[in-house]
Amino acid sequence: INSGTTSSPVVITFGDDITLNSSSKYFIIGSEYITFDGGNYNVTIDGVFNYPGLVQNGTSSVNGNSNITIQNINVSTSNGSTLALNKGWICQDWFGRGISTNSYINNCSTDATCNSQIDINTGLVCGSNTNRVICNNCSSAGTISGGGIFGRNCSNCQANNCFSTGRIGGYNIFGSGGIFASLNNNTNQANNCYSMGDIYGSNSFGGGGICGQDNSVVVTNCYSQGIIGFNGEKNCGGIFGTNSTGFATNCYS
């Protein structure tokens, strides 16, 4: 999708539910000032192994584009579809690489799970290495092996009024989080967010209700309600997972 400008932005609108049945079926953003408005229709990923995510905006070697908005889209799965390593169901990994102006994900949701038992990098909404993305009023309901909203190693990202309801963590999964996965620094924020899922992990590395392990995310007005370490695992946390140095203000679990 190309040719968006300040004076003439490109708007992609969905007029119906969409079913995608191949890992090659996704959108690639090729310029600034592009909006995807899903109109609250559903995108179903049907029978796809290792789906890379609905929208690509940058890769590990190519910078993304600024001033991108994705809104009012729900992603679900059928017939055993799985998410590729490091990806997100709505935004692929490296979304916003190298950009200087924020992009926005508004009112998006997914009830799809992360099927991998070993990938801690995925985000159910946005994948790993996301840059300058602000998620407003987004949610996930699938089992979280990574982050309920953002994946690992994100920077300059915010989750505002977001929540997850899925179970957080997994056996041999190190440090998943209800909003942020592991290894996210203090340029990231979670504001007015919550998780409802039970929190679990291994006895060495535990998950967190808001942020996974090794996080310094700034967390404000957030809470979790799931059972912490419900299978007897150690090191789980209601807000932060293991080895985290983040800041939590007005938070509880």
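The following exercises, each with a worked solution, concern a predicted model of a protein chain.

**Exercise 1. Overall form**

Determine how many helices and strands the protein chain has, and how its radius of gyration compares with that of a compact globule.

Solution. Begin with the secondary structure: the protein chain contains 17 strands and 0 helices. Next, take the chain length of 253 residues, for which a compact globule would have a radius of gyration near 18 Å. The protein chain has 17 Å, so the value agrees with that of a compact globule. The C-alpha trace spans about 55 × 40 × 30 Å along its principal axes. Finally, consider burial and contacts: 56% of the 253 residues are buried. Of the contacts between residues at least 6 apart in sequence, 80% join residues at least 24 apart.

**Exercise 2. Strand pairing around β7**

Identify which strands pair with β7, and in which sense they run.

Solution. First, consider strand β6 (residues 68-78), which pairs with strand β7 (residues 103-106) in the parallel sense over 3 bridges. Within this pairing, I70 has I105 of β7 as its bridge partner. Then turn to strand β9 (residues 133-136), which is parallel to β7 and joined to it by 4 bridges. Here S103 stands opposite V133 in β9. Strand β7 is therefore paired with both β6 and β9, given that two strands pair if DSSP finds at least two bridges between them.

**Exercise 3. A stacked pair of phenylalanines**

Classify the aromatic pair F150 and F180, and explain why the pair ties together separate parts of the chain.

Solution. A search of the whole structure gives 7 aromatic pairs. In one of them, F150 and F180 lie 5.0 Å apart, centre to centre, with 15° between the planes. Planes under 30 degrees apart count as stacked, so this pair is stacked. To place the residues, note that F150 lies in the loop between β10 (139-140) and β11 (158-160), whereas F180 lies in the loop between β12 (163-164) and β13 (189-191). The pair therefore ties together parts that are 30 residues apart in sequence. Both F150 and F180 are buried.

**Exercise 4. A stacked pair of tyrosines**

Describe the geometry, location and exposure of the pair Y194 and Y223.

Solution. The rings of Y194 and Y223 are stacked, at 5.1 Å centre to centre and 5° between the planes. Y194 belongs to strand β14 (residues 194-195) and Y223 to strand β16 (residues 223-224); the two residues are 29 residues apart. For exposure, Y194 has 23% relative accessibility and counts as partly exposed. Y223, with a relative accessible area of 22%, is also partly exposed. Lastly, ring pairs link Y194 and Y223 with F163 and Y252 into a cluster.

Notes: Residues are numbered from 1 along each chain as its sequence is written. This is a predicted model: local features need pLDDT of at least 70, side-chain atom pairs count only at pLDDT 80 or more; totals for chains, interfaces and linings use all residues. Side-chain values use heavy atoms; hydrogens and water are left out. Rings of Phe, Tyr and Trp (its six-membered ring) pair if their centres lie within 6.5 Å; planes under 30 degrees apart count as stacked, over 60 as edge-to-face and the rest as tilted. Buried means under 20% relative accessible area, exposed over 50%, partly exposed in between (1.4 Å probe, protein chains only). The radius of gyration is taken over C-alpha atoms; the globule rule is 2.2 Å times the number of residues to the power 0.38. Contact means heavy atoms within 4.5 Å.
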